[in-house]
Amino acid sequence: MTTPNIAVGVLSDRIPFSRARDIALVAGGAIFVAIASQIVIPLGFTPVPLSLSTFAVILTGAALGPVKATLSLSLYMLAGMAGAPIFAEQSSGWESASFGYIIGYILAAAAAGKLASKGFDRSIGKTALLVIACSVLIYAVGLPWLMAFTGADLVQGLEMGVVPFLFGDAIKGAAAIALLPATWHLIGKSK
């Protein structure tokens, strides 16, 4: 087992490399997102609940890097499609108004991982860009799916699938913006 150079890479690179490590990280990321997906606030005016999923997706992506994050969120999606009740509100399957957001999670996790591997999770400013990019990717896939699933036009779609979530996403984003650079700072002190 070897320990990668900490000057580059992502947080999970701090753990000595092994196949078992990678399998555990991929499965652990999927489990983390599944647990965060159960912390929800249902909103009566939209079929999409407010959850901590996006927060978990961004942290998972940044911590695992693009390949393991993509595998982790793909595992999450496939397990939910296969019937595991791991999507928000213990739902499963692809026939829901919010499934497009789950597809967006894969893109967002990959982007977070790629940006983190380039050091975008080590300062507040760059982490803010990482969070914004990931949020845009999630909405870019989730909103069209929601509109197609519900028959909503663009204004209705924005009212159901974007606007109600902006404040919560800002809070979750601020938490990620504080947590990721702080973790790197603590790791730097421990060496």
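In this predicted model, α5 passes α6 in a right-handed crossing. Two packed helices are described by the angle between their axes and the distance between the axes. Here the axes of α5 and α6, the latter spanning residues 154-161, come within 9 Å and cross at roughly 115°. On the α5 side, the contact is made by Tyr139, Leu143, Leu146, Met147 and Thr150, and these meet Leu154, Gly157, Leu158, Met160 and Gly161 of α6. Sorted by type, the contact residues come out as seven nonpolar and three polar, with no charged ones.

Tyr139 turns up again in the lining of the largest cavity. The structure has just one cavity of 30 Å³ or more, and about 70 Å³ of space lies in the largest cavity. Three helices each put at least two residues into its lining: α2 (53-64), α5 (124-150) and α7 (166-190). Among the lining residues are Thr54, Phe55 and Ile58, along with Val131, Ser135 and Ile138, and also Asp169, Lys172, Gly173 and Ala176. By type, this lining splits into six nonpolar, three polar and two charged residues.

Then there is the largest pocket, with a volume of about 340 Å³. A set of 25 residues lines this pocket, and Val48, Pro49, Ser98, Tyr101 and Tyr105 sit nearest its centre. Two or more lining residues come from each of β2 (50-51), α2, α4 (99-117), α5 and α7. Helix α4 gives the largest share, three residues. Nonpolar residues number 14 in the pocket lining, next to eight polar and three charged. Helices α2, α5 and α7 thus show up in the pocket lining as well as around the cavity.

Technical notes: Residues numbered from 1 in each chain as written. Predicted model: local features only at pLDDT ≥ 70, side-chain atom pairs only at ≥ 80, totals over all residues. Heavy atoms only, no water. 1 Å grid on protein atoms, 1.4 Å probe; cavity = no way out; pocket = protein on both sides within 12 Å on 5 of 7 lines; lining within 4 Å. Points joined across faces, edges and corners; volume = space filled by probe spheres on them. Helix = DSSP H or I, 4+ residues; strand = E, 2+ residues; numbered from the N terminus. Nonpolar A, V, L, I, M, F, W, Y, C, P; charged D, E, K, R; others polar. Axes fitted to C-alpha atoms, helices over the stretch in contact; angles between N-to-C directions. Left-handed = near helix turned anticlockwise from the far one by under 90°. Contact = heavy atoms within 4.5 Å.
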